[in-house]
Amino acid sequence: MFIPKLYRSEDVEVMRGIIRENSFALLISSVDKIRATHSMMLLNESDPENIYIETHISRANPQAKTLKNGDEVLCDFLGAHTYISSSWYDHINVSTWNYEAVQIHGKVEIMNHYELYAHLDKLTAKYEAFQQCPMMVKEMGKEFVEKEMKGAFGIKVIPTEIFIKQKLSQNRKEADFNNIITQLEQSDDNNAQKIADKMKLIKK
């Protein structure tokens, strides 16, 4: 990911937020050819000094059939994003797009049976917790879950490089920057509202 210095972030909290709020991300590999699968991802921080990404895809997926321990992959997370109209500037310029993104390059470690079971338990708990009648893994029964697991290919992605990008009109003068926030706040689009909030945070 190309990140001009102005838009580069080293803020781990920003990274956590983007991953947490945009967990349905792209797993990209190029072992035999370029392959990409949308999958649910979790940031494992059980050891803060050695964080990694957990995910799983279908064993029937050709990507699962090619990946092995040590292969390089890319996890691509797109955060809030919105169109920025050039009509919001006090001078002639081009329109653009504001957005946040995280890309994690890393090495594959294939999950064993117990790691995959724990991964599915955590993933289910995260999204079922807010349901009216949560169905957790323990309610499904170990036998049923292990049967379903036969169709899942679990991997850990151990980071080798982490890129955090916040393109939030940092290159605009104060008057234009403030007007962009005002225009975004007037939008009905949830992403526009989020970007306005992000811009107000970096303004402080």
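1. Burial and overall extent. Of the 204 residues in the protein, 40% are buried. The model is a predicted one, and its C-alpha atoms fill a box of roughly 65 × 45 × 30 Å along the principal axes. The accessible surface of the protein amounts to about 11800 Å², and carbon and sulfur atoms account for 53% of that area.

2. Secondary structure. The protein contains seven helices and seven strands. Read from the N terminus, these elements follow the order β-α-β-β-β-α-β-β-α-α-α-β-α-α. Where contacts join residues at least 6 apart in sequence, 71% of them link residues at least 24 apart.

3. The nonpolar cores. The largest nonpolar core comprises 22 residues, and Leu27, Ile53, Cys75, Phe77 and Val102 have the most contacts inside it. At least two residues of this core come from each of helix H1 (12-21), strand S2 (24-29), strand S4 (52-58), strand S5 (72-84), strand S6 (96-110) and strand S7 (152-167). A second core, separate from this one, has 13 residues, including Ile84, Ile181, Ala196 and Met199.

4. Helix H3. This helix covers residues 113-128; at 1.5 Å a residue its 16 residues should span 22 Å, and the end C-alpha atoms are indeed 22 Å apart, so the two values agree. Its buried residues are Leu116, His119, Leu120, Leu123 and Thr124. Because these residues cover an arc of only 125° around the axis, they lie on the same side of H3. They pack against strand S3 (35-44), S4, helix H4 (137-140), helix H5 (142-149) and S7. At the start of H3, a side-chain oxygen of Asn112 comes to within 3.0 Å of the backbone nitrogen of Tyr114.

5. Helix H7. For the 14 residues of H7 (residues 190-203), 1.5 Å a residue predicts a span of 20 Å, which agrees with the 20 Å between the end C-alpha atoms. Ala192, Ile195, Ala196 and Met199 are buried in this helix. Their arc around the axis is only 105°, which means that they are on the same side of H7. Among the elements covering the buried residues of H7 are S5, S6 and helix H6 (174-185). Two of the buried residues named here, Ala196 and Met199, also belong to the second core. At the start of H7, a side-chain oxygen of Asp189 lies within 3.1 Å of the backbone nitrogen of Asn191.

6. Asp71. This residue sits in the loop between helix H2 (62-66) and S5. Its relative accessible area is 11%, and Asp71 is therefore buried, the cut-off being under 20%. A polar atom of the Asp71 side chain is 2.8 Å from the backbone nitrogen of Lys68. Leaving aside residues up to four places away in sequence, Asp71 touches Val31, Thr66, Gly106, Lys107 and Val108.

7. Ser169. The loop between S7 and H6 holds Ser169. Most residues other than glycine have a negative phi. Ser169 is not a glycine, yet its phi is positive, at about 60°. With a relative accessibility of 3%, Ser169 counts as buried.

Terms used:
Residues numbered from 1 in each chain as written. Predicted model: local features only at pLDDT ≥ 70, side-chain atom pairs only at ≥ 80, totals over all residues. Heavy atoms only, no water. Core = buried A, V, L, I, M, F, W, Y, C linked by side-chain atoms within 4.5 Å. Buried < 20%, exposed > 50% of the residue type's maximum accessible area, 1.4 Å probe, protein only. Helix = DSSP H or I, 4+ residues; strand = E, 2+ residues; numbered from the N terminus. Expected span 1.5 Å × (residues − 1). Arc of directions from axis to C-beta. Contact = heavy atoms within 4.5 Å. Polar contact = N/O pair within 3.5 Å; in protein donor to acceptor, adjacent residues only side chain to side chain. Areas by Shrake-Rupley, 256 points an atom, 1.4 Å probe, with all protein chains shown as cover.
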